[in-house]
Amino acid sequence: MFRKTFLLTLLITLLLAGCGPDALSGAVPASAAITLTDGLGRSVILNEAAKRVVSLAPSNTEILFAVGAREQVIGRDEFSDYPAEAASIESVGGSMGEYSVEEIVALKPDLVLAAEINSPELVKQLEDLGLTVYYLANPSTLEELYVNLEIVAQLTGEDPTKLTDSLKARVDAVDEKIMPLSSRPSVFYEIDATDPSKPYTYGPGTFGDLLITRAGGFNIGGELTDPYPQISLEQIVVSNPSIIFLGDSMWGVTIESVVARPGWETIEAVKSSQIFPIDDNLISRPGPRLVDGLEQLAKLLHPGVFE
Amino acid sequence: MRKSFLLSLITLAIAFILSLAIGSVFISQKDLWDILRGIGDETFTFIIWQIRLPRTILVALTGAALSGSGAAYQGLFRNPLADPFLIGVASGAGLGAVIAMSIQWPYSFWGLMAIPMAAFITALLTVFIVYMIARVGKTIPTTNLILAGVAFSSFATSLTSFLMLRSTSEVRRALGWLLGGASQAGWNAILAILPYLVIGLGILLISGHALNLLQFGDDQAQQLGLNVTRIKTILLIAASLATAAAVAFSGIIGFIGLIVPHLMRLWFGADYRRLISLSIISGASALLISDVIARIVLAPQEIPVGIITALVGAPFFLWVLRRAKNQGYW
């Protein structure tokens with residue numbers, strides 16, 4: 001047995017010997033450079049504000065446009081569809097996590113803005129190819145969203161104050177109306193109900209959960225453990241939500257089709273016709289439009305205070 | 001005999017050049033020629049040497065390893081359905097990779113090596129467990145190996161699926177890996193797997209004669225002077241090493257290891273002294289061509305190459321099989 005353990009250790013050592021850690025050493029920063037630590041704990045150095053940016057996530061594209069850096073965006077991932085003018089920017093792929101590294105290199109960006117949907121392997125590969133990559137971690141609160149906006153603004157040499165001030169004011173306005181209320185209607189948020197006996201919903205720690213709570217609702221998915229769990233119809237019936245949001249309305253799910261589902265007629269929200277389609281991109285993308293999502297949810301949850 | 005080697009080497013050369021020439025960024029023949037002479041456009045030169053060449057070499061090595069091991073397994077098990085994943089390398093590697101992905105590693109050299117390392121280790125561990133289960137005294141009955149391999153693979157695969165369900169945020173990454181694709185590896189990956197491929201495939205290359213003897217059955221081969229248990233063990237280790245190293249960085253690429261050896265057998269005969277080397281050469285060509293297709297069908301998007309190998313490979317194989325139907329080939 002010892003010999004076998006030894007052999008295995010030897011094999012692993014050999015596997016590793018092939019790849020030296022030399023590629024990880026960074027460059028020496030120039031003066032007046034922008035130095036920031038990114039979501040992977042990497043120190044990212046830009047000699048000056050980025051002029052040619054490739055965005056690797058829809059949320060990043062939205063943030064870049066919102067902070068006023070639209071002129072600098074020269075490449076985007078396949079799914080960046082907002083604002084509409086982003087569609088005219090060259091795509092570098094991204095379906096199934098496969099980006100065209102060749103296209104990215106050919107665009108000669110001085111900054112690649114990655115997000116949490118990108119793998120660390122991709123970041124490493126781009127870094128090894130000599131590109132400057134900033135990995136923008138997902139915010140876990142709206143307050144962290146403002147920090148992200150400020151980071152992107154700093155990287156692109158823009159001033160985010162006007163944007164963050166207006167977002168903060170809008171969130172404050174919602175908070176002011178919601179805080180005094182004592183009612184917290186229970187919410188079922190449907191992400192996907194291809195199998196209507198166990199649809200996907202937002203679990204704890206997701207933007208969906210965060211926004212529903214902040215908008216004065218009680219997310220029944222927040223009681224589960226996984227971030228994007230499948231909840232059983234039985235559990236939905238027992239929780240008996242008083243309002244249902246259809247995040248999958250963008251995929252063709254209608255109010256009528258929900259009402260027609262067998263077993264759903266006993267749910268309070270179905271009985272009282274409290275089913276609302278919603279643009280899931282406002283809830284799932286960690287960009288400035290989360291605030292739009294918050295406002296929409298709050299208005300649907302507490303229509304009385306938003307007259 | 002010379003003709004078969006010449007033919008497969010020419011195919012390999014063509015596939016290699018195609019793989020260098022075709023990518024999501026268009027580089028014309030003239031530009032490519034300039035780059036090879038060292039006078040090309042700077043960006044294009046960079047793309048060719050730093051992105052396409054390492055990818056091409058890794059893909060070729062992976063195809064060679066899978067197909068060479070597949071040929072050896074088919075001979076070892078005397079079973080036309082054998083592929084390099086038969087006794088658990090793929091399911092083991094998949095399990096290791098998904099376990100590694102479910103952990104938040106720090107962004108560092110070791111953190112990034114965690115996934116290929118875990119895949120490599122669990123792949124070898126799986127084969128080792130299956131081997132120990134299948135052993136009866138001093139012999140390793142082939143049927144036991146296959147059954148133990150299939151059963152243990154199913155076990156590992158369901159564990160993998162369960163883990164993927166639990167860590168939803170990593171599903172895309174895991175799926176990408178499980179479907180195979182060498183797009184995100186550079187020169188380091190090649191250096192890391194090369195020793196295993198050289199050792200593993202080297203052993204297979206010199207085992208042609210033993211594999212020929214094994215075709216008579218274990219007892220007869222023993223009587224012909226072959227130490228059956230020892231040669232089986234050696235072949236298993238060699239093929240598993242090569243396969244595990246290949247999947248560690250490239251993910252699980254199915255079908256290549258099954259059909260390329262069959263094609264070689266259909267076209268050039270069942271002599272393992274030739275079959276192994278021809279499978280190695282043509283496995284490289286086949287995976288290179290699949291990878292080129294994966295790059296261009298939806299450019300600039302790329303499809304995991306594991307989808308292409310079966311999607312294009314299966315109809316092609318069926319067509320060849322149909323034409324050779326009456327030759328009593330296996």
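Two residues count as being in contact here if their C-beta atoms, placed from the backbone, lie within 7 Å. By that yardstick, the contact between the chains of this predicted model takes in 36 residues from chain B and 37 residues from chain A. On the chain B side, helices H3 (42-77), H5, H7 and H8 (187-205) each chip in at least two residues. H5(B) gives the most, with six residues. Sorted by class, the side of chain B that touches chain A has 19 nonpolar, 13 polar and four charged residues.

Now for a helix in chain B. Helix H4 (residues 89-101) has 13 residues, which at 1.5 Å a residue should span 18 Å, and its end C-alpha atoms are indeed 18 Å apart, so the two agree. H4(B) is also mostly covered, with 12 of its 13 residues buried. Among them are B:Val89, B:Leu95, B:Val98 and B:Met101. What do the buried residues of H4(B) pack against? Their partners are helices H5 (109-134), H6 (142-166), H7 (171-178) and H11 (228-250) of chain B.

Over in chain A, there is a sheet to look at. Strands of a sheet pair through backbone hydrogen bonds, either parallel or antiparallel. In this one, four strands form an open sheet in the order S9-S8-S10-S11, and the pairing is parallel. Strands S9 (218-219) and S11 (275-277) of chain A stand at the edges with a single partner strand each, so one side of each has no neighbour in the sheet. Elsewhere in the sheet, S8 (residues 186-190) and S10 (residues 243-246) of chain A run parallel and are joined by four bridges. A:Tyr189 stands opposite A:Phe245 in S10(A).

Methods. Residues numbered from 1 in each chain as written. Chains lettered and ligands numbered in written order. Predicted model: local features only at pLDDT ≥ 70, side-chain atom pairs only at ≥ 80, totals over all residues. Expected span 1.5 Å × (residues − 1). Buried ≥ 20, exposed ≤ 12 C-beta atoms within 10 Å, placed from the backbone. Nonpolar A, V, L, I, M, F, W, Y, C, P; charged D, E, K, R; others polar. Pairing = 2+ DSSP bridges.
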